[in-house]
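Here are some notes for a first look at this structure. They take up pockets, surface and charged pairs in turn.

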Amino acid sequence: MSQASLLIVILAAGMGVRMRSRRAKALHGIAGRSLLGHALAAAKVVGAQDIAVVVGPDMAAVRAEALAQAPGVALFEQATQSGTADAVLAAAPALERHAGDVLVLFVDTPLIEASTLRRLLAALEQANIAVLGFEPDDPTGYGRLLLDADGHVAAIREHKDATADERAQRLCNAGAMAFRVPSLTGLLGRVRNDNASGEYYLTDAITLGRSDGLLAAPVVCAPEEALGINTREQLATAEAIFQRRARTKAMREGVTMIAPDTVWLSYDTALGRDVSIEPNVFFGPGVTVEDGAQILANSHFVGARIGAGARVGPFARLRPGANVGPDVHIGNFVEVKNASLEAGAKANHLAYIGDGRVGAGANIGAGTIFCNYDGFNKHFTDVGKGAFIGSNAALVAPVKIGDGAYVGAGSVIARNVEAEALAIVRASQQVRPGWASKFRALMQSRKKKA
Ligand code: UD1
Ligand code: CA
């Protein structure tokens, strides 16, 4: 394995015209993370000392995303999108102050495994340039790797520039390329744009290097790793591949899914052992599910923690800051936002629990609403341990219900309730015996007269 220090250059200056989007391609995402976020994560896993991101002009949002995902990353602007070699050269200051290996990654190939990138870097022990290759089912649009008799890469021919014979070559350029050369800026500075696109191709570094006696080795990976995202269909294909991988990994680690194809995971979903997940569950970013929790069908989670042994759903919604403790039950049509439910608490039906705490073992009745918002500010509701909130109660925050207290069904609670008390806010019930039959008789006599 290479000991040389590593600079990773991520190319993200292309708008991605084929996406037909107002947003730069780097900001489109899979599994809840932008393509740029995936590339930066890969760069960190592989262990880059330095990371440079090349962006286009007017890409403030791409710059912001890069800094959010990897603070301290070096950003470079490519003035005009005149090709991948020109894009790498935009990072010339980073290349010139760096004396080790360089790995170039395209932002639009997010599925390349870290182990593959390590193999690519390891190939620099035997070659000056290592090119990631793959054999796609449909090679249209990819550059072809043209190998010499020794199995080295003699040239990479872009699809547009290739002859029929060259197009018949199955091995394609995945885009990731590693360099251990005396001067990458020197090499790329000699690339010309006399090709079908009029662009400066990074891939021309192979032929130019060869004339200097530099050897290029192909390193082959699985086709699905190398999928390049140029269109929305390819984005959806990449998403599907990511999801299949993530589900397989979860199941291998001890998660049960009875219909895995219907479970959508985020890049960072953390699932404990013996978690079971029913069909049609969506995990947005930032969700952790601890051991043995049961997730019932049709639930939606973002930014939430689900404690060990908890049972959540069907049709539950956990929003950011939902902290569901161990053995808690959250039932159908219950929404939790920025609120904790401590061990063993229950909210089994139809409730909104926002900006609050529900103490251990407390019971939240059907239809209970935490009235957290007055139109201007959010306020906190605190329900003590073992408290019992009757059905259809409205808890008007800020309000505190003491440990073990009862709240009568239908109450609107706007003042604190002390521990072990009963609070009930309800008009008293009137019962008038025989009223119904008298009422009916009166109505029927009026009808006859009419
Ligand atoms: C490129 C390769 C092709 C390979 C394929 C793999 C070249 C010339 N072609 O083609 O051999 O099979 O990827 O997916 O390298 N970019 C810039 N500035 C530019 C142009 C591109 O930053 O001026 C960035 C893009 O944002 C993108 C990457 O470079 O992340 C690749 O550019 P793209 O236009 O998608 O190249 P392909 O036509 O897919
Ligand atoms: Ca591409």
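**Notes on pockets, surface and salt bridges**

1. Arg357 has a relative accessible area of 22% and is therefore partly exposed. Its side chain meets that of Glu342 in a salt bridge, at 3.0 Å from N to O. Arg357 belongs to strand 25 and Glu342 to the loop between strand 24 and strand 25, so the pair ties together parts that are 15 residues apart in sequence. Glu342 also counts as partly exposed, because its relative accessibility is 32%. The model is predicted, and this applies to every point below.

2. A second salt bridge involves strand 25 (residues 346-358), where Asp355 lies, and strand 24 (residues 329-341), where Lys337 lies. The closest N and O atoms of Asp355 and Lys337 are 2.8 Å apart, and the two residues are separated by 18 residues along the chain. Buried or exposed: which applies to Asp355? With 7% relative accessibility, Asp355 falls under the 20% limit and so counts as buried. Lys337, at 11%, is buried as well.

3. The salt bridge between Arg192 and Asp194 has its closest N and O atoms 2.6 Å apart. Both Arg192 and Asp194 are exposed. Elsewhere, Glu113, Glu224, Arg244 and Arg245 are linked in a network of salt bridges. The whole structure contains 20 salt bridges. As background, side chains of opposite charge can pair when their charged atoms come close.

4. The largest pocket has a volume of about 1,200 Å³. Its lining consists of 39 residues, and those nearest the centre are Arg18, Thr84, Asp108, Glu199 and Asn230. Which element gives the most to this lining? Strand 10 does, with four residues. Strand 1 (6-12), helix 3 (84-90) and strand 10 (172-179) each supply at least two residues. Sorted by class, the lining of the largest pocket has 20 polar, 13 nonpolar and six charged residues.

5. The second largest pocket holds about 730 Å³ of space and is lined by 29 residues. Glu113, Phe242, Arg245, Lys249 and Tyr267 lie nearest its centre. Elements that give two or more residues to this lining include helix 1 (35-46), helix 5 (114-122) and helix 9 (232-252), together with strand 6 (101-106) and strand 14 (270-271). The lining of the second largest pocket has 20 nonpolar, five charged and four polar residues. Glu113 and Arg245, named here, also belong to the salt-bridge network of point 3.

6. Tyr267, one of the residues nearest the centre of the second largest pocket, sits in the loop between strand 13 (263-264) and strand 14. Its relative accessibility is 32%, so Tyr267 counts as partly exposed. The C-alpha atoms of Tyr267 and Gln243 are 8.9 Å apart, with their positions 24 residues apart along the chain.

7. Leu202 is placed in the loop between helix 7 (184-189) and helix 8 (205-211). Leu202 counts as buried because its relative accessibility is 1%. A distance of 9.7 Å separates its C-alpha atom from that of Leu89, and the two are 113 residues apart along the chain.

8. On the surface, Phe388, Tyr406, Leu422 and Ile424 make a nonpolar patch of about 400 Å². Tyr406 is part of strand 32 (residues 406-407). With a relative accessible area of 46%, Tyr406 is partly exposed.

Conventions:
Residues numbered from 1 in each chain as written. Chains lettered and ligands numbered in written order. Predicted model: local features only at pLDDT ≥ 70, side-chain atom pairs only at ≥ 80, totals over all residues. Heavy atoms only, no water. 1 Å grid on protein atoms, 1.4 Å probe; cavity = no way out; pocket = protein on both sides within 12 Å on 5 of 7 lines; lining within 4 Å. Points joined across faces, edges and corners; volume = space filled by probe spheres on them. Nonpolar A, V, L, I, M, F, W, Y, C, P; charged D, E, K, R; others polar. Patch = residues over 30% accessible without salt bridge, like charges linked within 9 Å, V, L, I, M, F, W, Y side chains within 5 Å. Areas by Shrake-Rupley, 256 points an atom, 1.4 Å probe, with all protein chains shown as cover. Salt bridge = Lys/Arg side-chain N within 4 Å of Asp/Glu carboxyl O. Buried < 20%, exposed > 50% of the residue type's maximum accessible area, 1.4 Å probe, protein only.
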